[in-house]
Amino acid sequence: MATIDLPEDVEHVLRQLESEMADTREYILRCRALGDEQAAQLHVIWIDLLLDEWSRCRLVAQEC
C-alpha cells in the first residue's frame with residue numbers, strides 16, 4: 001500500500017477517527033456478548049458515520 005504525506009493536522013484527525021472506530025468495535029463486541037443487539041446495531045451505524053468522515057478527510061487530504 002502506498003503512503004501519502006499528509007499535513008500533520010489531517011493525520012491527527014485520521015488517527016483520532018481510527019481510534020474511535022477501534023473503541024466502538026470493542027464496544028459492539030461487548031454489547032453483543034451481553035446480548036444487547038440494539039445497542040450493538042446503533043454503534044454499527046456510528047462506525048459507518050465515522051468511516052464516512054474518515055473517507056471524506058482522506059479525500060480532502062489527497063486533493064491538497
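**Exercise 1. Place Trp46 in this predicted model and classify its exposure.**

Step 1. Find the element. Trp46 sits in helix 2.

Step 2. Read the accessibility. Trp46 has a relative accessibility of 36%.

Step 3. Apply the cut-offs. Buried needs under 20%, and exposed needs over 50%. Trp46, at 36%, therefore counts as partly exposed.

Step 4. Look at the surface around it. Trp46 joins Ile45 and Leu49 in a nonpolar surface patch of about 300 Å².

**Exercise 2. Decide whether Thr24 is buried or exposed, and list what it touches.**

Step 1. Locate the residue. Thr24 belongs to helix 1, which covers residues 8–33.

Step 2. Classify it. Thr24 is buried because its relative accessible area is 7%, and the cut-off for buried is under 20%.

Step 3. Set aside residues up to four places away in sequence. Thr24 then touches His43, Trp46, Ile47 and Leu50.

**Exercise 3. Treat Ala22 in the same way, then relate Ala22 to Ile47.**

Step 1. Ala22 is also placed in helix 1.

Step 2. Its relative accessibility is 27%, so Ala22 counts as partly exposed.

Step 3. Ala22 and Ile47 are 25 residues apart along the chain. Their C-alpha atoms are separated by 8.9 Å.

**Exercise 4. Identify the largest nonpolar core and the elements that build it.**

Step 1. List the members. The largest nonpolar core has seven residues: Val10, Leu14, Leu17, Met21, Leu50, Cys57 and Ala61.

Step 2. Assign the elements. Helix 1 and helix 2 (37–63) each give two or more residues to this core.

Step 3. Find the main contributor. Helix 1 gives the most, with four residues.

Step 4. Follow one member. Leaving aside neighbours within four places in sequence, Leu17 contacts Leu50, Glu53, Trp54 and Cys57.

Step 5. Look for another core. A second, separate one has five residues, including Ile28, Cys31, Ala39 and Ile47.

Step 6. Set this in context. In soluble globular proteins, nonpolar side chains tend to be buried together.

**Exercise 5. Describe the protein chain as a whole: elements, burial, contacts and surface.**

Step 1. Count the elements. The chain has two helices and zero strands.

Step 2. Take the burial. Of its 64 residues, 22% count as buried.

Step 3. Check the contact range. Consider contacts between residues at least 6 apart in sequence. Of these, 59% join residues at least 24 apart.

Step 4. Finish with the surface. The accessible surface comes to about 5,000 Å². Carbon and sulfur atoms account for 57% of that surface.

How values were computed:
Residues are numbered from 1 along each chain as its sequence is written. This is a predicted model: local features need pLDDT of at least 70, side-chain atom pairs count only at pLDDT 80 or more; totals for chains, interfaces and linings use all residues. Side-chain values use heavy atoms; hydrogens and water are left out. Buried means under 20% relative accessible area, exposed over 50%, partly exposed in between (1.4 Å probe, protein chains only). Contact means heavy atoms within 4.5 Å. Accessible areas come from the Shrake-Rupley method with a 1.4 Å probe; for residues, only the protein chains shown count as cover. A nonpolar core is a set of buried Ala, Val, Leu, Ile, Met, Phe, Trp, Tyr and Cys residues joined through side-chain atoms within 4.5 Å. Patches are made of residues with over 30% relative accessible area and no salt bridge: like charges are joined within 9 Å, nonpolar side chains (Val, Leu, Ile, Met, Phe, Trp, Tyr) within 5 Å. A salt bridge is a side-chain nitrogen of Lys or Arg within 4 Å of a carboxyl oxygen of Asp or Glu.
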